[in-house]
Amino acid sequence: MLGSGRSRHGLTTALTGFGLLLTGSALQLGTGAPAHAAATHRILFDNAHAETAGNADWIISTSQPDPLGQNSSPSAEKDWTGALSSWGVALQKTGGYSLKTLPSGSSLAYGGTSATDLSKFDTLVLPEPNTLFTAAEKTAIMNFVKNGGGLFMISDHTGSDRNNDGEDAVEIFNDLMTNNSVDATDPFGFSVDSLSIGSDHPSAIADSSDPVLHGSFGTVGKSLIASGTTATLKPADNPGVKGLLYRTGYSGNTGAFFATSTFGSGRVAFWGDSSPVDDGTGQSGNTLYDGWNDPGANDAALALNATAWLAGAGGGGGGGSTSCTAAQLLRDTGFESGGAWSATSGVITDSTGESPRSGAYYAWLDGNGTATTDTLSQPVTIPSGCSARLTVHLHVDTAETTATTAYDTLKVQVVGGSGTVLGTLATYSNLDAAAGYTERVFDLSGYAGQTVTLKFTGTEGSKYQTSFVVDDTTLDVS
């Protein structure tokens, strides 16, 4: 733009015709902490929503949050106390997992500094919750998954209200998926059925490539229902949903006893009964059922393979080696759908004053010819053990006449949860003005294992305009 100022909805640039040109690339390196050479898959088991009410004992250990406080080197399931101790001990023995429990009286949160904050984990296990999640907790869960986390939802039959508060796991999971601030439009592509199925041994589909059915913990042929439910799949809402095991006589979109899905950059698994993960032993006074070792099912392999898949281990779990699932982490990379980015009013626009690189919308920071500060940001979780590559397509035009002084600037920064700037990736200015978009590439591998915010800050002086135009921004991990 060659004028001295602009309206966000006005045609004020003589360089617009060049806006779709791609003119070169530049490699910039992030300045964060070194990336992890290897990473352990971090699993958080929830015990903050009445998971031990009634006869339930859905914990891996009575030592919480750290089960190692009960036994630092468990070799048998009774080394830890809880009906899920077989699950926990089996993971612990691989050497590739770090396990924690969210204790009773706590709340789920995402993006904070607590040791049990979801940002510090790869997978959240919800083993038959019996109290509704708060609005803040639902936001935390959904953002955690959207930004790359794994969510394991274990239900039970309708009416399994163990603490008599009027809510059971069926209602709690459906409420999570239909009544949250992030995406309440069937985000996972399934709903939990209001059923109480007495008994069955659901069978697995024939798919030898599926990492949950054929992982390193074993091959899954059947599971167990001992009073449970199923899910109805809705692939039109989320094509990533997939039924893996079905109630006898069912297939397709009905009667799915175990299902997987994706949401944003994350993964989701659903299991219709808590009995399969019950190992039959736990705290005194509980009446438990040993579904973990049921001779007609492969429940242990199913639980462990699914945990590995959710944590990004690709169905592995045989040790401490690190695996990173290739993915693109940013949402709304071209600014077309709205809601993913936080921005100063008017920054995300389809104005004809500048041109998008693709689509109709783009982000236009500054360009007013008056003292202005515009911002554009999005939080993201970069999985541990991943290399990360940020690509930004940037167009700069200016009315400044100097060839030596940076009057107007755009900073590209990585910001921590408390608002602290962890690193400035680059600073551009009126001196970088050029026709068309230039590809800028940054290495963010140093932030692996962290939840950070990608932030652009444009600061303009009071006389001549400089426009910083951003489009097609991606963060790829591998």
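This is a short walk through one protein model, from its overall make-up to a few individual residues.

Let me begin with the ground rules: what we have is a predicted model, in which local features need pLDDT of at least 70 and side-chain atom pairs count only at pLDDT 80 or more, while totals for chains, interfaces and linings use all residues. Residues are numbered from 1 along each chain as its sequence is written, and side-chain values use heavy atoms, with hydrogens and water left out.

On confidence, the average pLDDT, which is the predictor's confidence in each residue on a scale from 0 to 100, is 88 for the protein, and 90% of the residues score at least 70. The pLDDT is below 50 over residues 7-39, although this stretch has 91 contacts in the model beyond near neighbours in sequence, a contact meaning heavy atoms within 4.5 Å. Residues 314-322 also stay under 50 in pLDDT, and for them the model has 31 contacts beyond four places in sequence.

As for the overall make-up, the protein has four helices and 26 strands; here helices (H or I, at least four residues) and strands (E, at least two) are DSSP runs, numbered from the N terminus. Of its 478 residues, 55% count as buried, where buried means under 20% relative accessible area, exposed over 50%, and partly exposed in between, with a 1.4 Å probe and protein chains only. Among contacts with a separation of 6 or more, 74% are between residues 24 or more positions apart.

Turning to the interior, the largest nonpolar core (a set of buried Ala, Val, Leu, Ile, Met, Phe, Trp, Tyr and Cys residues joined through side-chain atoms within 4.5 Å) has 39 residues, and those with the most contacts inside it include F45, F152, F258 and W271. Several elements each supply at least two residues of this core, among them β2, α1, β5 and β14 (256-263), but α4 gives the most, with nine residues. If you centre your view on F258, you will find that, leaving aside residues up to four places away in sequence, F258 touches residues including F152, V212, L244, W271, L302 and A306.

Next, which elements do the buried residues of α3 pack against? They pack against β4 (123-127), α2 (135-146), β5 (150-154) and β6 (190-192). Eight of the ten residues of helix α3 (residues 169-178) are buried, so this helix is largely enclosed by the rest of the structure; I172, F173 and M177 are among the buried ones. The N-terminal end of α3 is capped by D168, a side-chain oxygen of which lies 3.1 Å from the backbone nitrogen of V170.

Now to the sheets. Strands of a sheet pair through backbone hydrogen bonds, either parallel or antiparallel, and two strands are taken to pair if DSSP finds at least two bridges between them. One open sheet is formed by five strands in the order β17-β20-β25-β22-β23, with antiparallel pairing. Strands β17 (342-343) and β23 stand at its edges with a single partner strand each, so one side of each is left without a neighbour in the sheet. Two bridges join β17 to β20 (residues 372-382), with S342 opposite S377.

On the edge strand β23 (residues 421-429) we find T424, which counts as partly exposed because its relative accessibility is 33%. The side chain of T424 makes a polar contact with the side chain of Q413 at 3.1 Å; such a contact is a pair of N or O atoms within 3.5 Å, where within protein one must be able to donate a hydrogen and the other to accept it, and residues adjacent in sequence count only if both atoms are side-chain atoms.

Strand β21 (residues 388-398) is mostly covered, with ten of its eleven residues buried. It pairs antiparallel with β26 (residues 466-477) over ten bridges, and six bridges join β21 to β24 (residues 437-443), again antiparallel; in the latter pairing, V392 stands opposite R440.

I will finish with backbone geometry. Most residues other than glycine have a negative phi, and most peptide bonds are trans. Here, Q64 and P65 are joined by a cis peptide bond, with omega about 10 degrees, and P65 lies in the loop between β2 and α1. D186, in the loop between α3 and β6, has a positive phi of about 55 degrees and counts as buried at 12% relative accessibility. D366, in strand β19 (residues 362-366), has a positive phi near 65 degrees and is buried, with a relative accessible area of 0%.
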